[in-house]
Amino acid sequence: MWMLGPVGFSAPWLLLGLLGLPILWLLLRAVPPAPIRRRFPGVALLLGLRDEDAEADRTPWWLMLLRMAALAAAIIGFAGPVLNPRVALPGQGPLLVLFDGSWAAAPGWSRAIARAGLALEEARVAGRPAALIDLSDPPPQALSFAPAADLAAQLPGLKPHPWEPAAFDPALLPEGGFDTLWLSDGVAREGRAPLLAAVQSRGAVSVWQPARPVLALSSAALVDGELVVGAIASAPPAAPVEIVAVGLDPAGIERDLIRAPLDFEGKTSTEQVFDLPPELRNRITRFEIAGARSAGAVRLTDDALKRRKVALVAGGRPREGLELLSPLHYLREALAPSADLIESPLEDVLPVSPDVIILADVAEVAEPDRLAEWIEEGGLLLRFAGPRMAAAEAEDPLLPVRLRLGGRSVGGTMSWGEPRSLAPFAEASPFAGLPVPEEVRVSMQVMAEPGPELAEATLAALADGTPLVTRARFGTGQIVLFHVTANAEWSSLPLSGLFPQMLERLAVSTRPAEPEAAELAGTIWVPQKVLDGYGRLQATDAAAGIAGEDLAGGAASAATPPGLYAAGDRVIALNAVTRGRTLAAAQWPATVTLEGALEEREEVPLKGIALALALGALLLDVLATLGLSGRLWRPAVRGAALVLALALALVPHPPQAQEPAQMDEARAIQAASNVVFAHVPTGDAEVDRVAYAGLKGLSDIVARRTTVEPSAPMTLDLERDDLALFSLIYWPVTEGQPAPSPRVYAKLNRYLRSGGMILFDTRDADLAGVGATTPAGQRLQALAAPLDVPPLEAVPPDHVLTRTFYLLQDFPGRHDGAIWVEAAPPDAELAEGMPFRNLNDGVTPVVIGGNDWASAWAETPEGLPMFPVGRGMAGERQREMAARFGVNLVMHVLTGNYKSDQVHVPALLERLGQ
Amino acid sequence: MTQAPPSAARALELRRGAEAEASALPALLVAAEHLAATVQMGGHGRRRAGAGEEFWQYRPVHSGDDARFIDWRRSARSDTQYLREREWQLAQSVHLWVDDAASMRFAGSATNAARASKGERARLLALALAVLMIRGGERVGLMGPLAPPRPGRAQLMTLAAHLSSLPEAGDYGAPEVGAVQSGARAVFLSDFFGAPEAIEAALARLSDRGVTGVMLQVLDPEEEEFPFQGRTIFESMSGALTHETRKAADLRARYLERLAERRERLSRMARAAGWQFSTHHTGSPAQGALLWLNAALGRLV
């Protein structure tokens with residue numbers, strides 16, 4: 001490829017054609033424009049006249065210039081100009097393509113893949129074998145080279161990983177010498193230098209890396225009640241960066257909660273402080289750098305960022321001066337760093353909707369019903385025993401186990417036994433893995449009634465097996481009981497370090513920061529959601545649990561992909577970027593060929609632009625030539641010239657949103673001045689004709705038999721008409737009916753909501769039997785899908801439609817099938833003394849059937865039936881029934897549930913009688 | 001084209017609607033009749049007593065009157081004798097010359113297909129004039145030996161046949177005046193783009209024989225406006241004459257000047273010979289031209 005500044009040419013020898021332009025200039029100058037031959041009898045009078053202006057035959061210079069420009073553009077275009085072309089990889093022999101494949105490569109991944117594709121394509125053309133190595137997902141054994149075409153097929157399957165590559169074992173490199181293309185992610189790393197030395201010893205190395213700095217979020221922590229999010233960059237970013245806190249809004253929809261600009265100020269790390277109310281803060285599920293598509297730019301949050309609202313309620317009056325004996329003192333000390341505490345009487349606490357309510361030695365719960373309700377909705381009630389509870393005689397429902405009256409005392413002055421120590425925690429217990437300090441002794445406790453479910457409820461027990469902590473699920477919440485006091489009166493548990501850990505495990509308090517290895521020891525964490533390399537959170541299925549120790553390091557790897565891990569009620573977020581990590585741009589020695597560092601601009605082929613210019617210039621030339629030779633204004637040419645001018649002026653622009661067309665006023669008045677039935681046009685002229693005739697027939701029937709005297713029916717113009725003016729819309733469904741526009745659907749939905757009725761008619765008598773298997777039925781499903789159609793049921797025998805005017809039980813048209821109406825509410829009850837239920841209050845918005853009513857109603861202008869129905873007298877009876885159905889339907893539309901109110905007749909009569 | 005027998009003329013008229021498309025002869029005749037019907041003929045008498053069919057006046061008998069001309073019925077009502085005089089009805093011979101040169105085939109640019117060519121218009125006018133004349137009892141014929149002037153509707157068929165099948169001629173035509181009877185009338189329908197000397201000679205010869213007449217220049221509007229631009233090669237209809245210009249628009253003024261000059265010359269020639277001259281454009285309706293022709297012929301004495 002021959003380069004001219006930033007533009008390269010794939011076929012540069014074609015540019016030699018530009019040398020021919022001056023010759024062309026001379027040639028074109030010499031040849032005047034071609035004359036028009038005209039038959040003209042008046043030529044006899046012209047003979048002998050001479051032209052006054054001899055210059056007119058020369059092509060004007062500007063036209064020449066235009067033509068030259070067109071030609072030059074065409075020559076340049078065919079020479080294949082490319083802006084910022086990629087330079088082909090030199091060399092021979094096998095090619096090794098190395099991917100870093102980390103999250104840092106994710107933003108430039110498609111370009112990296114494209115670059116690799118280009119290299120493989122060149123290798124394929126040159127017949128060079130190649131190999132691919134993804135450093136983040138290294139091959140299990142040494143690779144061998146394969147045909148480049150095979151590898152190119154694998155490229156689209158490669159994805160960036162949400163972790164960073166570990167040190168690569170050079171032994172895994174393929175045998176022999178090879179050239180290397182290293183698609184770097186641009187981040188400096190420990191293992192780079194040895195690997196680079198290894199591949200450089202085999203052959204030339206070319207490194208491609210994106211020029212844009214790599215951004216990542218390195219931490220998100222609570223510091224003094226403020227959220228501090230740390231961001232790092234491999235180089236100070238040029239463009240402003242925004243950080244977004246994403247979480248669920250109160251409706252449960254994920255959205256951006258907070259956005260804040262991230263100012264690096266020329267440094268490679270910065271922090272952004274969010275001072276948020278706890279309600280908002282607790283909603284945050286992750287932080288993201290806006291627009292950065294990588295796992296590193298996403299910081300998942302977990303319990304560590306949540307500060308729960310904990311309400312502390314003590315039983316007795318606080319005894320003044322005896323602070324250390326206060327039942328709440330140790331709780332306060334344990335929880336204050338990590339939770340928002342509320343200390344109020346229980347009745348004041350509940351409206352604040354705390355996450356946890358701790359009752360310390362409260363025997364009589366003030367408002368057990370409200371408290372129970374709160375627990376059922378997910379609250380955690382943590383209770384501590386105490387003298388009052390032990391003395392309580394009434395059975396307390398808000399306890400996980402039944403307690404024996406009195407409790408027991410071991411190792412006290414009045415007892416023989418020794419104070420008991422704790423037994424190790426069971427595997428299933430949330431406390432599993434916590435070390436049991438030897439010094440914890442329990443001298444008094446309340447005792448649970450033994451029972452079969454006691455073992456299951458026990459979370460912690462004393463060495464003698466008596467339960468120390470019990471738990472019971474209660475609705476979606478839970479009740480946990482510590483069988484000892486919250487102060488040091490009954491046990492030394494509150495004095496030990498185990499106490500806050502237990503509270504943390506119970507998700508009462510939150511972990512201050514990153515979990516320690518020791519803290520996680522013995523726990524098994526199941527990934528709930530994992531990040532992919534692009535930073536998208538995806539649900540995992542069937543992922544094996546991971547031991548807490550493996551998570552403890554906080555470093556993501558193939559074994560521990562970043563994501564959310566859960567154990568019980570606790571959630572830990574493992575992020576792609578470990579806390580405290582710094583990023584630096586990868587530095588490469590001068591011995592490697594570095595590409596892409598300046599590559600902010602994409603490779604842009606200019607051939608199309610050049611050829612389009614040439615074509616445009618030629619079009620202009622056509623117009624100009626026509627104008628010069630006087631042909632432009634000949635009528636036949638004028639049209640063509642207009643087309644040309646249009647082609648030149650054709651600039652694609654978004655179609656202007658059409659103003660919603662309004663209904664013609666006269667038509668609106670006509671529709672509004674009386675009851676008017678309307679039908680939806682199907683596009684099938686015959687069906688529309690029948691539908692119109694059917695509605696005309698129905699109008700006549702209704703006018704003859706009832707006091708409703710409708711005007712002539714109308715054919716709807718769905719786009720224009722105001723549907724509110726029509727009380728009943730008949731919609732015959734044909735197979736090929738085009739679906740209305742979304743705007744029309746909005747109108748239809750408004751119509752249905754505001755009390756209109758649409759009678760859908762598939763006209764195939766088949767809907768009821770087998771469901772929507774007929775083509776018209778399927779079309780109906782498609783047509784009605786965007787409509788707000790309520791749940792349907794086959795019309796029940798007590799539906800109001802059966803008695804609005806005539807007493808009917810079937811609703812035939814030309815066919816006699818079941819029809820479907822809005823389903824009755826499930827709580828409809830049989831009205832007293834009436835053969836029907838007290839049904840829904842309102843008109844069914846849709847009636848769906850396939851009985852081809854319009855054909856049964858349709859009349860010729862002479863008033864004769866347009867179509868036969870059935871045979872003989874039975875058929876006439878069916879037609880009559882169809883007419884009666886029409887009358888009932890119209891009455892139902894117009895009077896609504898009026899006939900339903902018959903259920904109230906006895907009551908009304910009774911009232912009248914009095 | 002075969003000449004329809006005179007007995008078939010009525011049938012042809014009846015079937016004109018059906019055959020209008022099929023045959024040029026009735027089409028031309030029908031069009032001419034149609035055009036002629038727009039001109040309400042007044043009496044074509046000479047407004048003086050003479051040989052004729054129509055009653056003119058009674059006058060007392062002078063000496064020398066032939067006794068058999070005395071109108072006995074009128075004379076019996078009075079004491080003097082009266083002669084019944086008839087209006088002098090002079091059957092004139094009208095010789096039509098319709099230029100059949102190639103230049104008359106011009107009908108403007110190809111886009112104006114709706115416009116009649118000059119030749120079509122000239123033939124239509126000629127035949128319509130013939131219809132009027134025949135209706136007035138004149139004898140109408142074409143110049144040249146083919147159709148000498150004859151009265152009667154049968155002559156119309158002959159004229160129509162000849163007019164419909166005018167032979168191809170050169171670029172520009174000149175009238176063949178040899179067969180014109182002295183004292184007859186002549187009608188020239190042409191664009192007069194040919195050499196004016198030929199016209200002048202013909203007029204001179206006809207004047208010598210006491211023939212007066214009418215010259216109607218039939219032109220296409222394009223010939224009058226010269227709406228051309230750009231580099232153009234103008235060709236005569238047969239292609240024999242060509243003229244190339246680089247800027248047609250520049251020629252316009254000089255062309256129009258020459259056209260006016262030619263018209264002025266024709267007009268002068270006509271005046272000198274006691275003829276009438278006018279110009280008709282195919283872009284305008286034919287009735288005006290026909291009326292003018294009819295009136296101009298009537299003005300001739």
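**Exercise 1. Place strand β15 of chain A among its partners, then look at I284(A).**

Solution.

Step 1. Three bridges join β15(A) to strand β16 (residues 298-300) of chain A, and the two strands run antiparallel. This is a predicted model. Within that pairing, F287(A) has R299(A) in β16(A) as its bridge partner.

Step 2. Turn to strand β12 (residues 241-248) of chain A. Five bridges link β12(A) to β15(A), again in antiparallel fashion. Here V246(A) has R286(A) of β15(A) as its bridge partner.

Step 3. Check the cover. Five of the six residues of β15(A) are buried, so the strand is mostly covered.

Step 4. Zoom in on I284(A). This residue lies in β15(A), which spans residues 284-289. I284(A) has 23 other C-beta atoms within 10 Å. The cut-off for buried is 20 or more, so I284(A) is buried.

Step 5. List its contacts. Beyond neighbours within four places in sequence, I284(A) touches A245(A), G247(A), L257(A), T301(A) and L305(A). Take G247(A): it sits 37 residues from I284(A) in sequence, but the C-alpha atoms are 4.3 Å apart in space.

**Exercise 2. Trace the six-stranded sheet of chain A and find the helix that lies across it.**

Solution.

Step 1. Write down the order. The strands of chain A run β7-β6-β5-β8-β9-β31 in an open sheet with mixed pairing.

Step 2. Find the edges. β7 (146-147) and β31 (593-595) of chain A each pair on one side only, and these are the edge strands.

Step 3. Take one pair from the sheet. β5 (residues 95-99) and β6 (residues 129-134) of chain A run parallel and are joined by five bridges. V97(A) stands opposite L132(A) in β6(A).

Step 4. Add the helix. α4 (residues 109-126) of chain A lies across β5, β6, β8 (179-183) and β9 (205-208). Helix α4(A) runs at about 170 degrees to β5(A).

**Exercise 3. Classify three helix pairs by crossing angle, and state which residues meet.**

Solution.

Step 1. Start with α19 (residues 685-705) and α24 (residues 872-895) of chain A. They pack at about 75 degrees, with axes 10 Å apart. The range 65 to 115 degrees counts as roughly perpendicular, so α19(A) is roughly perpendicular to α24(A). From α19(A) come L698(A), I701(A), V702(A) and R705(A); from α24(A) come A883(A), G886(A), V887(A) and V890(A). By class, that contact has six nonpolar, one polar and one charged residues.

Step 2. Go to chain B. The axes of α5 (residues 118-135) and α6 (residues 153-164) of chain B come within 10 Å and cross at roughly 170 degrees. Angles over 145 degrees count as roughly antiparallel, and therefore α5(B) is roughly antiparallel to α6(B). Helix α5(B) contributes R123(B), A126(B), L127(B), A130(B), V131(B) and I134(B). Helix α6(B) contributes R153(B), Q155(B), L156(B), L159(B), A160(B) and L163(B). The classes are nine nonpolar, one polar and two charged.

Step 3. Finish with α7 (residues 196-208) and α9 (residues 248-273) of chain B. Their angle is about 10 degrees and their axes are 10 Å apart. Angles under 35 degrees count as roughly parallel, so α7(B) and α9(B) are roughly parallel. P196(B), I199(B), E200(B), L203(B) and S207(B) of α7(B) meet R262(B), R265(B), L266(B), M269(B) and A273(B) of α9(B). This contact has six nonpolar, one polar and three charged residues.

**Exercise 4. Inspect phi at D361(A) and F226(B), and decide how covered each residue is.**

Solution.

Step 1. Recall the background. Most residues other than glycine have a negative phi.

Step 2. Read the angles. Phi of D361(A) is near 55 degrees, a positive value in a non-glycine residue. Phi of F226(B) is near 50 degrees, also positive in a residue other than glycine.

Step 3. Locate both. D361(A) is in the loop between β19 (356-360) and α10 (368-376) of chain A. F226(B) is in the loop between α8 (221-225) and β7 (232-235) of chain B.

Step 4. Judge the cover. D361(A) is buried because 23 other C-beta atoms lie within 10 Å. F226(B) has 19 C-beta neighbours inside 10 Å, so F226(B) counts as partly exposed.

**Exercise 5. Compare a recorded feature of chain A with the model.**

Solution.

Step 1. Consult the record. An unreviewed UniProt entry places the feature "transmembrane region" at residues 12-31 and 61-83 of chain A.

Step 2. Look at residues 61-83 of chain A. This stretch is 78% helix and 13% strand, and its end C-alpha atoms are 31 Å apart.

Definitions and conventions:
Residues are numbered from 1 along each chain as its sequence is written. Chains are lettered from A and ligands numbered from 1 in the order in which they are written. This is a predicted model: local features need pLDDT of at least 70, side-chain atom pairs count only at pLDDT 80 or more; totals for chains, interfaces and linings use all residues. Axes are lines fitted to C-alpha atoms, for helices over the stretch in contact, and angles run from 0 to 180 degrees between N-to-C directions. Helices (H or I, at least four residues) and strands (E, at least two) are DSSP runs, numbered from the N terminus. Two residues are in contact if their C-beta atoms, placed from the backbone, lie within 7 Å. Ala, Val, Leu, Ile, Met, Phe, Trp, Tyr, Cys and Pro count as nonpolar, Asp, Glu, Lys and Arg as charged, and the others, Gly among them, as polar. A residue is buried if 20 or more other C-beta atoms lie within 10 Å of its own, exposed if 12 or fewer, and partly exposed in between; C-beta atoms are placed from the backbone. Two strands pair if DSSP finds at least two bridges between them. UniProt positions are given in the numbering used here, feature names are shortened, and annotations may be inferred rather than shown by experiment.
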